[in-house]
Structures are given as structure tokens and as C-alpha cells.
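Student: I am new to this structure and would like a close look at one part of it. Could you take me to the place where the two chains meet, and then show me a few spots around it?

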Number of protein chains: 2
Amino acid sequence: MQEKPMWPDRRLLDLLGIDVPLIQAPMAGAMDAELVIAACEGGALGSLPCAMLSGDRLREQAGIIRQRTDRPFNLNFFCHKPAAPDARREAAWQGRLALYYKEWDVDPAAPLTAANRAPFDAAMCEIVEDVKPKAASFHFGLPAKALLKRVKAAGCVVMSSATTVKEAVWLEQHGADVVIAQGAEAGGHRGMFLGGDVAAQPGLFSLLPQVVDAVRVPVVAAGGIADGRGIAAAMMLGAAGVQIGTAYLFCPESTIAQPFRDRLAEGGDDTTAITNLMTGRPARGLVNRVMKDLGPLGSAPAFPHAATALAPLRAAAEKAGSGDFTPLWSGQSAALGRAMPAAELTRKLAEDALNRLKFPASR
Amino acid sequence: MQEKPMWPDRRLLDLLGIDVPLIQAPMAGAMDAELVIAACEGGALGSLPCAMLSGDRLREQAGIIRQRTDRPFNLNFFCHKPAAPDARREAAWQGRLALYYKEWDVDPAAPLTAANRAPFDAAMCEIVEDVKPKAASFHFGLPAKALLKRVKAAGCVVMSSATTVKEAVWLEQHGADVVIAQGAEAGGHRGMFLGGDVAAQPGLFSLLPQVVDAVRVPVVAAGGIADGRGIAAAMMLGAAGVQIGTAYLFCPESTIAQPFRDRLAEGGDDTTAITNLMTGRPARGLVNRVMKDLGPLGSAPAFPHAATALAPLRAAAEKAGSGDFTPLWSGQSAALGRAMPAAELTRKLAEDALNRLKFPASR
């Protein structure tokens, strides 16, 4: 009789009530309830990105998830301190984009409104209290004390991302039940909230064991993990589980447009960079035209205002099938991605990781 | 009777005739034969960095190694294309350093000669042919065809570093027997030789499995690995072995000065950056004053000429116990380092990795 393979670390499974120690990463603008449901059905913790949703839309999406799966899921929010608009910086930014406005024949004086990216607030907290998701995860730190207390009172496991050991220790001290160690390989916004030095951000091989040594709560590894080998490796470094984003973008359930999907499929190990130009905060994505032309890191309005001046360019370019001004968030392991339904992908990731843990030399 | 734990992958052990699938990284300017011998005696492949040695000194050091250990070892060389001096760029660089010259009261017009960093040539090749080391490793690509042929004819296993998948494939196609996948976490010079975009350099979690998928030769993982957990994780990602540098700097056998040793001991996950200011080529080190003041990446003379104008400042500052102008090469996992003799460290790394591979959940 063959023994059923077991996960070496059950902390995350027990805490979250899931079968696979895997969190499907919330990816604002790239997914909705469909991906959450499929990841949950595969045994992972599905995550709904809420930072760009209105209250009504958030309630609707959570309702769909509840209706279609009885598995635990996660609601994810940003909790940055919103920066006041700065007309001078925005004008300077528009100035840097002037050639593009001309080329695409769009009027910078009448820009479209960029998608809202609001920090977690009392209204969102009320929804969390109503929905009572198994987990609530945050990016850019944690909500204010009173709000966090309410989230915990609603029964949510609280998780947040750390990009340095210092941030991990801060998160544990301020009430996080799980710390997500976000290596520099990760796609999307860096969770950075205690420092702004992109050049000093550690890769996952360095960050993960140092975070594991520094905190007592379970640590989830994020960044560059896209197959079973990566899950097994993260567990060797002490992770209780992993968070995977980019690999799920390949699934039919993700909502990314075809040009983005095509670029992802061609993505290599060295086709992304961390940029602050798209939103005002450092985030990793496939190098697009604006990142290439201007250099990925430079002066741009504070988060999320950099996106405002780009919005009309993005709209015009996307209409023409171009991602020149679109944030194409991706980690450095897109080349490991395979297009398959998200529930199937989740099961495959788990099976491959378990096999790898049992037979390390398998190719 | 307890079974002796076994390495899941024997390719590197068999190819190099070593007991532990570990290469002690060559670290020019930070070590000599003593560290090589101790690492070899611990069961690893010791590596002598030769890029800054004269022919006589290289012969002497190799002789000491041969005399004191009968284990296999590695000679390491640079193989960059030397850049012609560029008086204008060097003058501009001296101009950026003007305030420091004043502060330290040194004469920029009469700089000390910086340490030589010569590429592998016929004279070095002759020494390799005489010494016949088990392995010869290269940084910045591979030597010219005729020289490489002679190295192979001398019986050396040829190894070189790749910082991208493209470089790994190139190395295999041009005769490397082993590819070292150098993640962005690694200390010292980036092995980059097919591109210069530091922002696109992948972390080891992304680079390693993609290189393993792309080549047939054994892949050695480098960057951010400093304990048994890291070795076990690298093997999960498909590495046949690892290369470890920074962790060996803590050993009494390394030759680094006390101020550097002190800075290393305080090193954290986010205290290094990749800089081109110290030598003209991108390399990761603890952030020193010149990196902090000028920003780590900027205009400086081509490799190795940036070091020339820094040499008198470095000499004056080091005399005063300061590392303000010294390259303090270190990876992002210095915090995992422990001061112990190199042979003992090597045995401990192996034991911890084997235990981890057997019991993944151990803390």
C-alpha cells in the first residue's frame, strides 16, 4: 500500500483550512471571482484583490465566491497612506509624456480618470465584517489599529507582505498572523512600507530564511515561484507555504487582455524590471515602451497619481492592441508558466511539489 | 543500523571528485591558498581567485595548495575584454571624487596603481597547463577558443557563471562543462557578459530552474546561499550543487581586514547594493560611503579603470580603519554567516543540508 504524500509543514493548512499550502496571489486589474473560485476548488487559498473595487462591486464579487465555493478565501487590500495630488509634479510628468500625447493624438488636459486605488478604510472594513472571509491580506503595511482590531474580531487571519526582515518584524509586532516574504523576483507592487530603496531589496533566497529566523508566525514565500520545484525549495528554506501570482495569469480564468497574454508567453528570466513610472510605487512588470524609453525608475507623481497622466495614453494604445503604456505586472518566472485551468494548475503544483520533496533528484 | 544520508544528485561529486556538492567561491582580494586548502579539506572544491595575481604569485599559491592537500581544487580567472584607458572619462570620474581627495588630503594627479585585474591569457594558460588543477572557472564569459582548448587538454573541468538563461545557453554551446547560475543575490562582480542591464538581472529562485531547463550540463547555484537550508533549496530547484562565497568570508582563513569583518557581522538582508563605481563593472557589496553619496550605479570609467582613481582614497581611508572607498563585496545573506574555521563550516553546511533534505520540516 502506497503512503499518501504529506506536506512537511501543516501550519498554514491548519490555520487557513486549506489542502495545499498555497495562496493564489491577489492581482488587481488582472482577475476577478472566477480565478478565486477555481484556485479555492483546487485546494489553495484564493484571493480577491479589492483595492480597485467599489464597495458594491466588492460585495457582488464576494457573493459570487460564496455562492460557488464553500472553501476558505482571502480578501486583499492596499493600506498605503494616500498622497495628496501635487499639481507641479503631475505637470512635470505630463511634460515627460508630451511626445507620446502627440504621437497618439490624445489630450493630456482632459485625461481619463485612472482606476481608483484606495487604501483600506471603515467602509471596506464593514464589508469584511459582513463577508467574514477566512483571511484578509494587506499590502504596504497594515491598517490602523482600530480597523485591524475589527478585522480580527470578524475572525479573519491577518496576512501582510514584507520585503525586508525589518518589515517582517514590524508586521509580526503589529498583529500579522502570517508574514508573506516578498522576494525581489515578485511581480506587481513591492510591498515596501518602511523604506524606499529598490536597489537594496533582497531576492527570495536571501530574504526567506532571514525572515523565518526573525519571526515566530508562519512565513509564506512569494516571488519567482511558479512550479512544484519552487514550492519544494521554499519549504526547504523554512516557508510554511507559498504565494503564487504570475503562474495564474496564464489560466483562462485570469482577465488579462490578449496582448498581455502574448507578451507573458514570450516572457523570459530577464524581461521584467521594477518600475515606479506606472503608478508612482515600485512594481515589477514586463518592460513596456515607457519603461524602456524613460528608464524604469525615475521621477513620477506619488502613488497612485502617476497612473492618471498615463490613463489616456493607455486607453488609446490598448484600443490599438498595444501594451506600451499598460502595467504588465509579472514576476521573473513567467517562462515557467503553463496555460491550464486554475484548479488543475493548483493540483498540479501541489503534486509536483510533493513528488519533489520525496524524490529530490527527479528531473 | 542507520543509513548514511546521501546526496540526491551525484553529478558534481563524480565530475569533480569531491565529497560535498559545494564550490567555495573564488573571492579576489579577500582570500589566498589558506581558505582553498581548508575548504578542500572539508570536502568542497576550493577555488583560488587568480585575476589579481602575478604569474609568480599564482605559481607560488598553487604550489602551497598542492603541498598541503591532495584534494581537487579550482583556479579562477576573469575573461573580460580589457577596455582601453579613456583619459576623458577618468578625468570626469576624478572630478566626481574631488571633494574626497580634498577631505583625505591625497593627490589625485599621482594615484597609486590599482590592483591589476587582467583577463586570462597565454601566460596564465601555461600555468594552468603546469598546475593541472581539477577545475578552471571563469567569470565574464569564457577564454578565446584556442586557450579554452588548451585548458581542456590539461584535463580541467571548465566552469563559468551565467546571470541569465541566455548566458547559460551560450556557455554550454561554447564548451562549459558546468554552468554556475549566479542569482542577483550574489556578492562580488556580476558575471554578466551578454548584456549590461542590471535592473533585469533575475534572482536565484527565478534564474536557477530556468537555467536547469535550458542546459544539459550540471548547474551550480550561486547567490544568497549561506547555510544548509539554501543548499537543500537549490537542489529542489534542480541544482547539482552550490557555490558559496560570503559565508566563507567569516572564516579565520579569509584575509579581509577587521573593519570589513565588522561591517559583515552587522550585515542584514538589505545592506548591500549592486554598484559599478568601485571597478567599472556591476558588483554587489555592502553599501559604503561612495556608493551612498553618489548612488550605486552611475557613470564611471570602464572595468577595471574606475578603481584607479579610487586607489589613493582607499589607501588613505583604510590606513585610518575606514572602508569608505573599499569594495566590501558581499551577497544578501551575510546575516546567515557564522565565524568558524572553513573546513568545519564546510562539514556543517553539508550536514545541515543533508538533514534538511531528509526532514524538510526541521527548524
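Tutor: What follows is a walk from the meeting of the two chains to several places within each chain. Please keep in mind that this is a predicted model.

Let us begin with the interface. On the side of chain A, 48 residues are in contact with 48 residues of chain B. Together the two chains bury an area of about 3,700 Å² between them, and carbon and sulfur atoms give 55% of that area. Three residues stand out here: F205(A), M236(A) and D269(A) supply 22% of the area that chain A buries against chain B, more than any other three residues.

There are charged and polar links as well. Side chains of opposite charge can pair when their charged atoms come close. Across the interface of chain A and chain B there are 2 salt bridges. In a salt bridge between the chains, the side chain of R229(A) meets that of D213(B), with N and O 2.8 Å apart. Polar contacts across the interface of chain A and chain B join 16 residue pairs. Which elements of chain A give two or more residues to the side that touches chain B? They are α9 (204-214), α10 (228-236), β10 and α15 (342-358) of chain A. Of these, α9(A) gives the most, with 8 residues.

Strand β10 of chain A is a good place to pause. It spans residues 272-275, and T275(A) is part of it. Is T275(A) buried or exposed? Its relative accessible area is 0%, so T275(A) is buried. The side chain of T275(A) has polar partners in the backbone: one of its polar atoms lies 3.1 Å from the backbone nitrogen of L277(A), and the side chain also reaches the backbone oxygen of P296(A) at 2.6 Å. Setting aside residues up to four places away in sequence, T275(A) touches R281(A), P282(A), A283(A), M291(A), P296(A), L297(A) and W329(A).

Now for helix α14, which we can visit in both chains. In chain B, α14 covers residues 306-319, which makes 14 residues. From first C-alpha to last, α14(B) reaches 21 Å, close to the 20 Å expected at 1.5 Å a residue. Even so, α14(B) has a kink of about 35 degrees, centred on P312(B). P312(B) is also among the buried residues of α14(B), which include A306(B), L310(B), L313(B) and A317(B). What do the buried residues of α14(B) pack against? Their partners are α4 (87-96) and α5 (98-104) of chain B. Just after the helix, G321(B) takes a positive phi of about 80 degrees.

In chain A, helix α14 holds a salt bridge of its own. E318(A) pairs with R314(A), and their closest N and O atoms are 2.9 Å apart. The two residues lie 4 places apart in α14 of chain A, about one turn of the helix. An α-helix has 3.6 residues a turn, so residues three or four places apart point the same way. With a relative accessible area of 37%, E318(A) is partly exposed, and R314(A), at 31%, is partly exposed too.

Chain B offers a salt bridge of another kind. The side chains of R71(B) and D19(B) meet at 2.9 Å, N to O. This pair links distant parts of the chain, 52 residues apart: R71(B) sits in the loop between α3 (55-68) and β3 (73-78), and D19(B) in the loop between α1 (11-16) and β1 (22-24). R71(B) is partly exposed at 28% relative accessible area, and D19(B) is partly exposed at 49%.

For a buried pair, turn to R229(B) and D227(B), whose side chains form a salt bridge of 2.8 Å, N to O. Buried means under 20% relative accessible area. R229(B) has 15%, so it counts as buried, and D227(B), at 14%, is buried as well. Elsewhere, salt bridges that share partners join E103(A), R289(A), D293(A) and D324(A) into one network.

Let us finish in the loop between α2 (33-41) and β2 (46-49) of chain B, where G42(B) is found. G42(B) is buried, with 9% relative accessibility. Apart from neighbours within four places in sequence, G42(B) is in contact with V20(B), A343(B), T346(B) and R347(B).

Methods. Residues are numbered from 1 along each chain as its sequence is written. Chains are lettered from A and ligands numbered from 1 in the order in which they are written. This is a predicted model: local features need pLDDT of at least 70, side-chain atom pairs count only at pLDDT 80 or more; totals for chains, interfaces and linings use all residues. Side-chain values use heavy atoms; hydrogens and water are left out. The expected span of a helix is 1.5 Å times one less than its number of residues. The bend at a residue is the angle between axes fitted to the seven residues ending there and the seven starting there. Buried means under 20% relative accessible area, exposed over 50%, partly exposed in between (1.4 Å probe, protein chains only). Contact means heavy atoms within 4.5 Å. A polar contact is a pair of N or O atoms within 3.5 Å; within protein, one must be able to donate a hydrogen and the other to accept it, and residues adjacent in sequence count only if both atoms are side-chain atoms. Buried area is the accessible area (1.4 Å probe) that two parts lose on being put together, summed over both. A salt bridge is a side-chain nitrogen of Lys or Arg within 4 Å of a carboxyl oxygen of Asp or Glu.
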